[in-house]
Amino acid sequence: MEVVNRLPKPSDPVALGRLVSAQQILCSRCVSEEDCERAVELLEELAKPIEDGGFNYFPAFLTLASLHEAGFEPAISQDGHKAARYYLKVLTHQEAATGLGASELDEAATQLCSLVKDGKAFLAEEEIGQLQRLSKGEGAGAVGSVASWAQFASMEAERRMQESREDPKVREQREARKKAREEQRDQDMARQKLAAQEALARAEELRLEGNDDYRQGSLSGNSKKCDDFGRAVLAYARATTVLSECLSGLTAAVAEAAEVRKQRGILHSNAAQVQIMVENWAEAAELAQKAIEDDPQGTKPKYRLARAQLGLKEWESAARTVDGALSGMAKQGDREADEIRLELWKIAEDISKAIPSWQWTSSKPAVKEKKAEDDFEKRIAGKWEYGPPGESSHHYYEVVLEKWGALYWKEKDMRIDLLRKGKLRWHGEYEMISGMVLNLSYEPGADMLITEFTAPDDIPEEQRWKGPSKFTARRRAEPEKPPMAEVVTDLDPPPPPGEMQLQPPVEEEKAQETEVLPVGTPQELWLCGQADFAGRYEFLPDMATPGAASGTARAVYRREGSGSPLYLWSRGGNWGVSESLNTSSLGAPFLTRCPDTSGRARHPLEVRRPRWYVRKGRGQEDLDAGVKLQAQPPSASDLQSCASGTATSSTSEARQGSDELPSSISIAGREGSHSDINGRYELSKSSWGGHPVYTQVEPPLPYDQERPLALFFDHGYWAIARGVSSLPRAMARCHPRCAESPHPGEVGGAAWEFLCDNSEYRVLVSTDTRKYNVDRRVVLEALAADGAVISRSMAAPLPSPSLSSSSTAAAAASSTAPVAAAAANGTSQRLRPTPPWVASGTAAEGEGEVRAAIVVRDGIDVDMQNLSLEVGPQVLKIGLEGHDVFELDLPSAVDAAVNPKARWLEKSRTLRIRLALSEDDAAATAREAPPIVDAAASARDFGSGMD
């Protein structure tokens with residue numbers, strides 16, 4: 001008997017003898033009924049108090065309880081009532097807390113609770129009271145978890161007592177209600193499980209879609225990688241929304257809720273990886289933190305959080321993240337865990353350089369030596385021919401392996417960058433035809449390449465290639481080169497006797513090659529901008545690069561400095577600065593570049609309308625207005641303007657005043673085609689090119705429809721398209737008239753253009769031509785968070801053409817033309833001089849008022865106490881203490897008796913003033929009819945909107 005063997009020994013020798021006798025009887029192989037009765041008598045005598053003739057050895061009650069709970073053949077039958085009372089006697093004994101250990105008392109309380117819960121023991125009110133006193137910590141209740149078990153047992157015993165006293169009809173009703181609740185719970189469980197399965201299936205589709213876009217954006221040389229990454233983020237966000245909506249309703253399905261939460265963590269982690277690829281560190285850190293909250297055991301989210309924190313230069317946070325991830329992965333030994341562990345240690349090395357005092361709790365594992373493998377990329381490099389076997393074929397392609405590891409497929413003018421899919425498989429996408437994929441498989445034994453082209457799914461059946469798309473290529477045999485002596489003899493026969501053959505020197509050939517450069521080529525250029533590439537570039541006359549046309553060349557410049565030299569030269573239709581003269585954009589990417597749209601510039605100063613783009617990271621670049629190229633050394637003012645221009649072009653400056661951005665944008669008035677752009681657009685957390693992005697939320701989209709419409713700024717236009725991308729297929733767009741348009745509500749009265757024609761020609765190169773038509777009936781309102789209208793934008797009506805041909809009417813039209821043009825632009829005509837402290841000033845008529853905006857230059861201290869306003873019917877005078885007064889003409893007469901409303905915005909350094917219209921002008925504005933656009937005006941608008 002285990003319980004008997006674990007009992008403490010009594011101090012009385014007589015009692016010890018009786019305990020040993022009982023133990024011998026119960027542990028014997030053959031026990032009779034008399035032996036069982038004798039053992040029970042011995043144990044009961046040991047447990048009796050001393051005054052009753054016993055030995056007060058209460059632990060014997062544990063053996064008696066165990067015997068009656070399990071039964072002992074042949075004389076002791078199972079009796080839950082007796083067993084429960086014996087357990088209760090042990091727990092309520094006054095010496096229980098000191099005479100027995102915590103494990104024995106916990107076991108007694110657990111067994112007692114089980115007997116009561118299973119209905120094998122019914123306790124009286126007095127015994128329930130003893131349990132309640134134990135639950136309050138009396139006696140053995142102060143040891144271990146006895147109090148908790150006693151409380152549970154007392155509640156269960158009290159409930160059973162109440163049920164035994166309950167009326168049969170009431171019990172029947174109660175059981176019926178309980179059964180109904182269980183059935184309802186089962187129905188809710190089944191419904192929630194089904195909802196979870198549907199949500200997981202939908203999220204899986206969106207996740208795979210996002211994975212495809214991410215892989216597409218990761219292809220080497222993909223010029224549309226930003227578009228692909230943007231679509232991947234949107235797909236992950238839509239999948240996250242589906243799971244979040246489902247998770248809020250999973251109240252009963254605990255296992256399904258855990259799975260949904262885990263899958264949502266995977267989506268957050270994937271989105272964080274996309275943000276890391278575009279070096280959007282703040283968004284990546286936030287998404288990775290959400291992934292860790294949903295999946296605390298995941299290792300990839302912790303690694304991506306560490307990378308994001310490393311990009312943000314948050315060294316201590318990154319150190320804690322890496323240290324915690326390494327500690328949690330100590331017992332993981334699979335291959336994926338080993339790879340992530342090595343990547344974490346690479347981050348740890350960078351952190352140790354920044355924080356040398358940091359102590360890591362884990363030790364760095366030893367690097368396993370990789371087995372030597374055949375370099376199959378070197379083996380497939382070369383020329384491969386295809387066609388009928390046994391014949392010499394003129395159809396062949398070439399696989400090229402660059403020195404820096406880039407692998408690409410080339411046939412004539414086609415080039416496809418290849419990525420490795422497996423040990424013997426590669427694939428790549430043809431940039432000119434979206435979705436056209438090339439797959440290569442190598443057979444080492446036969447030395448053959450299996451080539452397969454997969455056409456895009458959206459190509460119509462009648463335009464698809466009907467020939468074979470999968471074929472085998474064999475290595476092309478290179479012709480043997482003849483001996484050098486034979487070459488000299490065949491190509492250069494000896495001259496006849498008495499005749500001398502003239503050979504032009506090599507130096508003259510070089511001179512002839514460089515003569516094509518124009519005579520006025522600058523000998524030195526000065527590039528103003530960021531310190532990485534700014535400075536003096538000297539012309540290299542012996543290093544001209546070939547131009548697009550035959551017989552032309554383009555200049556090459558070099559900057560010498562403390563570090564490695566930089567080269568200013570032309571490559572791929574761009575003038576740019578790189579660290580070496582390498583024809584591959586992967587080997588020597590441009591630090592900054594300027595497109596040469598004409599393709600005829602011999603040197604960079606011949607580029608018309610130069611626009612310099614600065615590289616911000618891998619596959620990322622931003623337009624920088626501060627980069628300028630000139631032939632003269634820059635002055636101090638030029639350097640200051642370059643620095644300020646650079647700062648202005650930064651993303652942080654473009655996002656100034658983000659706290660004043662409208663919470664939503666409302667668009668109305670579009671009829672006919674593309675009327676689905678009408679609705680409300682909410683401000684999203686993402687941005688594009690330093691400008692906010694708005695996503696359409698009203699009207700709601702059908703469940704099976706593609707991504708919602710997005711309103712964003714790209715290449716000088718506020719565009720509405722199905723996805724955020726560079727040069728999107730915009731359904732509608734608006735080119736703001738103001739210099740800076742922080743949000744779509746401030747476009748200076750510009751009109752919206754809508755896509756009316758789209759022609760596409762696709763062979764090897766896809767040509768997309770789009771035409772846009774102006775619609776002046778579209779109204780755009782910028783709304784605050786409470787729904788209040790911040791601003792209202794509508795294109796000004798075009799002036800109606802005059803039908804009179806008299807000289808008087810023509811003179812009147814010519815005299816009012818400047819004013820009409822200013823009114824059509826939505827701004828006032830200002831012919832007054834502008835004081836130096838004012839950068840710009842505009843005034844436009846809105847809903848019953850005139851709104852003026854005055855931008856103050858940097859370095860001017862502005863305080864509302866130092867400003868003075870003087871309002872006239874047609875002019876507004878703004879005075880700043882210590883500066884000249886600025887006079888601004890107003891587009892309409894205002895009521896000078898009404899006090900103006902002024903507000904100073906420090907972030908954008910703009911003074912905004914609202915003036916009430918006079919009663920006559922306000923009434924006239926209310927009576928205005930909708931603008932009528934004649935055929936000539938429509939034709940002009942149609943032509944101006946063509947791409």
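The protein exposes about 54200 Å² of surface, of which carbon and sulfur atoms supply 51%. The model is a predicted one. Of the 947 residues in the protein, 37% are buried. The secondary structure comprises 24 helices and 37 strands. Among contacts with a separation of 6 or more, 50% are between residues 24 or more positions apart.

**Helix H4 and its surroundings**

Helix H4 spans residues 60-70 and is mostly covered, with nine of its 11 residues buried. The buried residues of H4 are Ala60, Phe61, Leu62, Thr63, Leu64, Ala65, Ser66, Leu67 and His68. After H4 comes Gly71, which has a positive phi near 80 degrees. On the other side, the loop between helix H3 (33-47) and H4 contains Asn56. Asn56 is not a glycine, yet its phi is positive, at about 55 degrees. Asn56 counts as partly exposed because its relative accessible area is 25%, and the partly exposed class lies between the buried limit of under 20% and the exposed limit of over 50%.

**Backbone features in loops**

Another residue that is not a glycine but has a positive phi is Lys313, with a value of about 65 degrees. Lys313 is placed in the loop between helix H14 (300-311) and helix H15 (315-328). Its relative accessibility is 55%, so Lys313 counts as exposed, the cut-off for that class being over 50%.

A cis peptide bond is present between Glu698 and Pro699, with omega at about -5 degrees. Pro699 belongs to the loop that runs between strand S23 (691-698) and strand S24 (710-714).

The backbone angles described above are collected here.

| Residue or bond | Angle |
|---|---|
| Gly71 | phi near 80 degrees |
| Asn56 | phi about 55 degrees |
| Lys313 | phi about 65 degrees |
| Glu698 and Pro699 | omega about -5 degrees |

**A positive patch**

Which residues form a positive surface patch? The patch is made up of Arg177, Lys178, Arg181 and Arg185. One of these residues, Arg177, is located in helix H10, which covers residues 168-217. Arg177 has a relative accessible area of 47% and is therefore partly exposed. A residue needs over 30% relative accessible area and no salt bridge to be part of a patch, and the 47% of Arg177 satisfies the area condition.

Technical notes: Residues numbered from 1 in each chain as written. Predicted model: local features only at pLDDT ≥ 70, side-chain atom pairs only at ≥ 80, totals over all residues. Heavy atoms only, no water. Patch = residues over 30% accessible without salt bridge, like charges linked within 9 Å, V, L, I, M, F, W, Y side chains within 5 Å. Areas by Shrake-Rupley, 256 points an atom, 1.4 Å probe, with all protein chains shown as cover. Salt bridge = Lys/Arg side-chain N within 4 Å of Asp/Glu carboxyl O. Lys, Arg positive; Asp, Glu negative; His and termini not counted. Charge placed at Lys NZ, Arg CZ, Asp CG, Glu CD. Helix = DSSP H or I, 4+ residues; strand = E, 2+ residues; numbered from the N terminus. Buried < 20%, exposed > 50% of the residue type's maximum accessible area, 1.4 Å probe, protein only. Contact = heavy atoms within 4.5 Å.
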